[in-house]
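User: I am new to this structure. Please show it to me, and then I will ask about its parts.

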Amino acid sequence: MAMATRVFLLLLLFLISSLSPCFSLYEDHVGLMDWHQQYIGKVKHAVFHTQKAGRKRVVVSTEENVIASLDLRRGDIFWRHVLGPNDAVDEIDIAFGKYVVTLSSEGSILRAWNLPDGQMVWESFLEGSKQSKSLLSVPANMKIDKDNVIFVFGKGCLNAVSSTDGVVLWKKDFADESLDVQQIIHPPGSDIIYAVGFVGLSQFDAYQINVRNGEVLKHRTAAFPGGFCGEASLVSSDMLVALDGTRSSLISISFLDGEISLQQTHFSDLVGDLFGMAVMLPSKLTGMLLIKINNFMVFVRVADEGKLEVTEKINDAAVSDALTFSEGQQAFGLIEHGDSKIHLTVKLVNDGNGDLLKESIGMDYQRGRVHKFFINNYIRTDRSHGFRALIVMEDHSLLLLQQGEIVWSREDGLASIVDVTSSELPVEKEGVSVAKVEHNLFEWLKGHMLKLKGTLMLASPEDVAAIQGLRLKSSEKSKMTRDHNGFRKFLIVLTRSGKLFALHTGNGRVVWSVLLHSFRNSEACADPTVLHVYPWQVPHHHAMDENPSVLVVGRCGLGSDAPGVLSFVDTYTGKELDSLVLAHSIERIIPLSFTDSREQRLHLIIDTDHHAHLYPRTPEAIGIFQRELSNIYWYSVQADNGIIRGHGLKSNCILQEGDEYCFSTRNLWSIVFPSDTEKIIATVTRKLNEVVHTQAKVITDQDVMYKYISKNLLFVATVAPKATGQIGSVTPDESWLVVYLIDTVTGRIIYRMTHHGTQGPVHAVFSENWVVYHYFNLRAHRYEMSVVEIYDQSRADNKDVWKLVLGKHNLTSPVSSYSRPEIITKSQTYFFTHSVKAIAVTSTAKGITSKQLLISTIGDQVLALDKRYLDPRRTINPSQAEREEGIIPLTDSLPIIPQSYVTHALKVEGLRGIVTAPAKLESTTLVFAYGVDLFFTRLAPSRTYDLLTDDFSYALLLLTIVALVAAIFVTWILSERKELQEKWR
């Protein structure tokens with residue numbers, strides 16, 4: 001029997017070693033639990049490169065400060081660069097047919113990039129002292145063997161830059177002349193460059209400058225008594241057309257050979273039947289300019305001797321720049337909108353009746369209208385000229401049209417996400433059997449045999465590929481129904497264009513998208529701005545027959561006092577259920593913890609007049625709200641004035657009689673920070689939906705500490721006024737950081753800490769009873785992270801863990817914010833290697849699993865840092881009891897473990913935010929990071945203690961059980977024989 005026991009233990013050891021969890025990520029596991037999507041944002045400049053040699057591509061710059069090269073065949077990204085948030089691209093062009101030249105940062109940075117791979121060739125910093133228009137001029141006939149000059153105007157200076165190494169050859173400063181340069185013109189092959197513009201409101205100046213040395217050869221000026229409004233369009237190499245100061249006439253300005261002549265043409269003589277404000281649209285059409293009056297676009301042609309004449313009037317269309325395509329011929333594109341189609345027309349610039357192309361393309365109305373487009377020509381098989389159009393839509397998507405079809409499209413609106421929330425998927429319908437979607441028995445066995453071969457390292461490369469395919473196919477991660485683990489959800493994302501997307505967490509695909517009609521620019525709502533998206537209706541149990549919905553909040557205007565807009569959207573279908581244009585503004589939205597019988601969450605909207613408005617506006621909602629009226633508090637922060645105020649509700653609005661859903665407010669308390677010593681730079685509160693499993697924390701020696709849990713706490717960080725600039729702009733003696741914890745019901749400051757010699761920016765996260773914040777230490781020249789934990793001393797008599805286990809405690813006793821809290825705080829500070837963009841914290845269904853900090857680094861990656869490293873109770877030599885509790889020995893720096901990067905080797909370019917949502921499994925949290933790129937993954941901070949892995953080998957388990965049974969049976973027979981033999985002896 002002893003032999004049987006030994007064999008059993010060996011087999012058991014083999015089983016444990018075979019099924020032990022693996023805590024690293026293998027290459028073939030990538031993509032099973034995470035996905036990564038790359039975008040570029042709304043395109044504002046585009047240059048085509050369609051030479052016979054090399055790949056056909058289009059180089060673009062976007063509003064997200066991205067420079068990218070896209071494949072013209074499929075729309076894929078060849079390469080891209082995301083510039084800094086303050087490095088907006090002003091102009092872009094292609095030189096030599098092999099370099100991309102970009103001008104950015106208001107004309108102060110000029111760069112050249114290698115066209116095939118995007119590597120930077122050179123970079124030049126251009127200095128100046130005046131804000132001005134940014135202009136870039138790259139000669140069209142530049143040759144590689146000749147040192148040509150690139151002309152740049154920016155910061156009030158004209159610079160001549162070498163095209164080979166970026167060296168500034170000469171510089172002409174126009175700041176002293178107060179010249180607002182409108183155009184720089186370099187005729188091909190000429191040694192003269194023209195700089196023309198306005199001085200003040202009524203003077204036009206033209207400069208002739210030597211290309212080689214920057215010497216001013218001629219300067220002419222002309223005055224116009226009526227004045228200019230500042231808008232002008234270049235129609236030829238020696239003529240400019242400008243709008244006068246009253247926008248009632250056009251001024252043709254000829255500066256041939258430096259001699260200036262002015263000619264005025266009144267709009268009444270051009271377009272007698274149109275009235276309204278005239279706006280000159282930017283265009284690059286030779287001999288033609290565009291004027292917009294109301295919704296009409298007027299094409300004005302420059303005839304002989306500067307005479308202006310109208311060639312066409314079109315209602316609301318989009319126009320491209322001119323394209324030179326054959327023997328000096330120029331064409332431009334025009335797009336008009338139909339019912340469900342767009343109509344593309346390509347015309348010759350100098351021949352209004354010569355249509356080179358007319359096409360109609362069906363277009364999804366959810367993409368909105370065409371905002372901008374660019375055309376390019378190609379040679380067809382019959383040697384005729386064909387045209388393709390790169391179109392930027394209202395929802396920021398990018399499409400390529402060719403031969404009447406959409407060749408490819410990109411949802412680049414997802415690069416400008418404003419807010420995110422999550423929503424559950426539909427419940428699987430009754431009667432749908434899991435067996436219908438499972439493999440048959442043979443395929444099931446075959447799959448597990450392949451996994452067994454992989455476990456035993458006997459799999460061939462073909463088997464490994466088959467195993468990966470089976471994992472992706474059998475994971476069911478992209479099904480459109482809920483799963484029992486809660487991994488499958490909708491990510492409802494709101495973009496800056498006013499479009500709402502539903503992304504499936506399984507693979508990131510767009511399930512539906514809707515361009516909200518309420519947030520489209522119109523006469524009723526000019527300059528709409530989206531703000532937030534909130535869960536509105538979340539059905540549970542008895543209300544499962546209704547679909548969940550979200551609330552989208554925005555404004556009809558750019559200012560905070562603009563009227564508010566509400567939109568309600570069904571998260572299953574993407575249908576806009578209702579929309580409201582409010583009579584009041586929106587300063588703050590407060591989701592309340594109450595719901596009505598339809599599971600609609602009550603929301604309180606505070607306007608700029610400090611009135612509170614209740615939504616939904618139903619009798620049931622007002623009844624619920626009236627019962628809780630005295631328990632509703634909120635706060636407001638005036639960072640510029642250094643004031644924080646607490647507010648409560650008083651009664652119905654006095655000036656709005658009959659509106660029972662409007663309430664006036666009262667100030668309860670205020671904290672005024674001294675403006676000469678402190679300036680507010682950051683405020684953070686706890687998440688409203690955060691779940692705390694227990695208030696008690698068991699520590700060493702069976703002692704218990706009670707967390708001070710309050711949703712009314714506000715973390716505030718202030719710095720010295722001099723220290724609000726960039727890091728290093730002040731000395732350590734002139735800078736300090738002060739942090740506060742404030743009770744927003746009473747205004748009581750319960751904690752205050754000063755960090756001398758430190759500076760912002762401050763990034764913080766508040767969870768349960770602790771707050772972690774990140775800042776820069778000027779004395780140590782390093783970043784630091786500090787942690788503060790708050791504990792309730794009023795329950796000090798319940799420190800026995802047995803009282804907690806047996807229920808002899810007073811955890812259920814009411815706690816009031818008006819009673820002075822008996823608290824103690826524990827804090828600690830650590831050095832941290834990285835600069836930080838944002839900090840978030842993991843959240844789970846019950847709050848049992850240990851927390852991890854999710855840190856967005858300056859390198860656009862997400863680092864998961866165990867909260868235990870930020871435990872203020874860490875000591876250099878923890879006792880044995882403390883080690884058993886999980887206390888880590890104290891070090892001065894927080895560790896950066898390469899395996900802790902949630903994003904692995906990927907980057908989330910332009911990372912702006914991290915959102916977490918709990919799964920149904922307590923061990924798992926869902927993490928979504930967004931910026932220019934999107935990244936999603938699942939995390940298990942305490943490992944998956946309640947879930948078998950997806951690649952768990954059931955075949956190996958079955959084989960091991962059979963082997964154990966067989967081994968027991970064989971050893972039992974052998975043992976019986978041995979005993980029988982011993983008895984015969």
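Analyst: Start with a pair of strands. Five bridges join E59 to strand E60 (residues 852-857), and the two run antiparallel. Strands (E, at least two residues) and helices (H or I, at least four) are DSSP runs, numbered from the N terminus. Two strands pair if DSSP finds at least two bridges between them.

User: What kind of model is this, and how are residues numbered?

Analyst: This is a predicted model: local features need pLDDT of at least 70, side-chain atom pairs count only at pLDDT 80 or more, and totals for chains, interfaces and linings use all residues. Side-chain values use heavy atoms, with hydrogens and water left out, and residues are numbered from 1 along each chain as its sequence is written.

User: In E60, what is the bridge partner of Ile-839?

Analyst: E59 covers 836-841. E59 and E60 are joined by five bridges. In E60, the partner of Ile-839 is Ile-855.

User: Which are the edge strands of the open sheet E59-E60-E61, and by what angle are neighbouring strands turned?

Analyst: Three strands form this open sheet, with antiparallel pairing. Strand E59 and strand E61 (862-866) each pair on one side only, so they are the edge strands. Axes are lines fitted to C-alpha atoms, and angles run from 0 to 180 degrees between N-to-C directions. With direction ignored, neighbouring strands are turned against each other on average by 25°.

User: How many helices and strands does the protein have, and what share of the residues is buried?

Analyst: The protein has eight helices and 64 strands. Buried means under 20% relative accessible area, exposed over 50%, and partly exposed in between (1.4 Å probe, protein chains only). Of the 985 residues, the buried share is 51%.

User: In the sheet E14-E15-E16-E17, which residue of E17 is the bridge partner of Gln-208?

Analyst: Four strands form this open sheet, and the pairing is antiparallel. Its edge strands are E14 (179-185) and E17 (216-223). Seven bridges join E16 (residues 203-210) to E17. The partner of Gln-208 is Lys-218.

User: Is strand E2 mostly covered or mostly open, and which residue of E3 stands opposite Val-43?

Analyst: Strand E2 (residues 43-49) is mostly covered, with seven of its seven residues buried. E2 pairs with strand E3 (residues 57-62) in the antiparallel sense over six bridges. Opposite Val-43 stands Thr-62.

User: Why does Thr-421 count as buried, and how far is Thr-421 from Phe-490 in space?

Analyst: Thr-421 lies in strand E35 (residues 417-424). Thr-421 counts as buried because its relative accessibility is 11%. Leaving out residues up to four places away in sequence, Thr-421 touches Phe-490, Leu-491, Ile-492, Val-533, Pro-535 and Val-550; contact means heavy atoms within 4.5 Å. Thr-421 and Phe-490 are 69 residues apart in sequence, and their C-alpha to C-alpha distance is 8.5 Å.

User: Is Val-970 buried or partly exposed, and what is the area of the nonpolar surface patch with Val-970?

Analyst: Val-970 is in helix H8 (residues 954-984). Val-970 is partly exposed, with a relative accessible area of 44%. Nonpolar side chains (Val, Leu, Ile, Met, Phe, Trp, Tyr) are joined within 5 Å into a patch, from residues with over 30% relative accessible area and no salt bridge (a side-chain nitrogen of Lys or Arg within 4 Å of a carboxyl oxygen of Asp or Glu). Phe-969, Val-970, Trp-972 and Leu-974 make a patch of about 420 Å², with areas from the Shrake-Rupley method and a 1.4 Å probe.

Methods
Patch = residues over 30% accessible without salt bridge, like charges linked within 9 Å, V, L, I, M, F, W, Y side chains within 5 Å.
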